[in-house]
Amino acid sequence: RWADAGAEPRDREYLAAYAKARAFFEEELGIKLFLSYGTLLGCYRDSRLIPGDDDFDVAFVSHATSPQHFKDECQEIIKAVLKGGFDSRVAVDGRMFHLRVDDVVLDVNPFWFYNGRAWSFDAHDLDLDVFDPPAPMDVGGFEVYIPAKAELFLAENYGLDWRTPRSDFQYHRTQADRALLRRVRLGPSEVLALTEYSERLRAVDPSAGRFHGYGDPARPGFY
């Protein structure tokens, strides 16, 4: 178990970590990493993170054409960030993936498109052009990327009153949506394979990141 970093990171610490990850994804992988979900909501609506929000949500657009294609693609991206020196893990349910940048954990939930819908942490009745190409925005002196049509995403995800803060928001997924989302989670054998890959990589290059297997998203450290 990694020791907890201490106090919750402040906005600037999160944004600086995002800037570092964004640069790596764009320069090394050709991928634009943009803000999503609660992080996007706070930064777009209030120009800051939502007080008390305990994660930093980012995403990228995947061009995978099936659940298995998406699953394979994400595993290759995890291998790439490990080579880049970043630690990674999956959530306790196998959802991909978390990225550790210095002492900050970013929650990466890519968007992929299948059967006419956008899929990520949840399922969305939105098209690719809502997200791609991401647009630049300034938050606290940091340039971030946001979805091309950020307000459409926020309205679809949080309701038409997304500009009004509320504390009772909850996701309600159908059984069919839950079943499809489970298809892109990593199982124990796949987690073990990534862990073994990480250790082989680090044996050759000690500066490489470590894959920490499963993590509990309710806790700040890697396990």
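What follows is a conversation between a visitor and a guide about helices, strands and sheets in a predicted model.

Visitor: Let's start with the helices. What makes H3 roughly parallel to H6?

Guide: The angle decides that. The axes of helix H3 (residues 67-83) and helix H6 (residues 188-204) cross at roughly 25 degrees. Angles under 35 degrees count as roughly parallel, so H3 is roughly parallel to H6. The two axes come within 11 Å, and H3 passes H6 in a right-handed crossing.

Visitor: Which residues make the contact of H3 and H6?

Guide: On the H3 side they are Lys71, Gln75, Ile78, Lys79, Leu82 and Lys83. From H6 come Glu190, Leu194, Tyr197, Ser198 and Leu201. By class, the contact holds five nonpolar, two polar and four charged residues.

Visitor: Why are H2 and H4 called oblique to each other?

Guide: Helix H2 (residues 37-46) and helix H4 (residues 150-158) have axes that cross at roughly 120 degrees. The range for roughly perpendicular is 65 to 115, and roughly antiparallel needs an angle over 145. An angle of roughly 120 degrees fits neither description, and the rest count as oblique; H2 and H4 are therefore oblique to each other. Their axes come within 11 Å, and the crossing of H2 and H4 is left-handed.

Visitor: What makes up the contact of H2 with H4?

Guide: H2 contributes Tyr37, Gly38, Leu40, Leu41 and Tyr44, while H4 brings Ala150, Glu151, Phe153, Leu154, Asn157 and Tyr158. Eight of these residues are nonpolar, two are polar and one is charged.

Visitor: Now to the sheets. How do you know which strands are the edges of the sheet E1-E2-E5-E4-E3-E11?

Guide: An edge strand pairs on one side only, and that holds for E1 and for strand E11 (211-215). This open sheet has six strands with mixed pairing.

Visitor: What makes the pairing in that sheet mixed?

Guide: Both senses occur. Strand E1 (residues 34-35) and E2 pair in the antiparallel sense over two bridges, with Phe34 opposite Ala59 in E2. E2 and strand E5 (residues 104-108), by contrast, pair in the parallel sense over three bridges, and there Asp57 stands opposite Asp107 in E5. Strand E4 (residues 98-101) pairs with E5 in the antiparallel sense over four bridges, where Arg100 stands opposite Val105.

Visitor: Which helices pack on this sheet, and which strands do they touch?

Guide: Helix H1 (residues 11-29) packs on the sheet and touches E1, E2, E4 and E5; its direction makes about 55 degrees with that of E5. H3 also packs on the sheet, touching strand E3 (87-91), E4 and E11, and its direction makes about 150 degrees with that of E3.

Visitor: How do you know that both faces of E2 are covered?

Guide: Look at each side of strand E2 (residues 56-59). Phe56 and Val58 lie on one side, Asp57 and Ala59 on the other, and all of them are buried.

Visitor: Why is Asp177 called buried?

Guide: Its relative accessibility is 10%. Buried means under 20%, so Asp177 counts as buried. Asp177 is found in helix H5 and touches Arg117, Trp119 and Ala123, leaving aside residues up to four places away in sequence.

Visitor: Where does H5 pack?

Guide: Helix H5 (residues 175-182) packs on the sheet E6-E7-E8, touching E6, E7 and E8, and its direction makes about 55 degrees with that of E7. That open sheet has three strands in antiparallel pairing. Its edge strands are strand E6 (112-114) and strand E8 (123-124). Three bridges join E6 to strand E7 (residues 117-119), and Tyr114 stands opposite Arg117 in E7.

Visitor: What makes E9 and E10 a pair?

Guide: Pairing takes at least two bridges, and strand E9 (residues 135-139) and strand E10 (residues 142-146) have five, in the antiparallel sense. The bridge partner of Pro136 is Tyr145 in E10. E9 and E10 form a hairpin with two residues between them, and Gly140 in the turn has a positive phi of about 60 degrees.

Technical notes: Residues are numbered from 1 along each chain as its sequence is written. This is a predicted model: local features need pLDDT of at least 70, side-chain atom pairs count only at pLDDT 80 or more; totals for chains, interfaces and linings use all residues. Side-chain values use heavy atoms; hydrogens and water are left out. Axes are lines fitted to C-alpha atoms, for helices over the stretch in contact, and angles run from 0 to 180 degrees between N-to-C directions. A crossing is left-handed if the near helix is turned anticlockwise from the far one by less than a right angle, and right-handed if clockwise. Contact means heavy atoms within 4.5 Å. Ala, Val, Leu, Ile, Met, Phe, Trp, Tyr, Cys and Pro count as nonpolar, Asp, Glu, Lys and Arg as charged, and the others, Gly among them, as polar. Buried means under 20% relative accessible area, exposed over 50%, partly exposed in between (1.4 Å probe, protein chains only).
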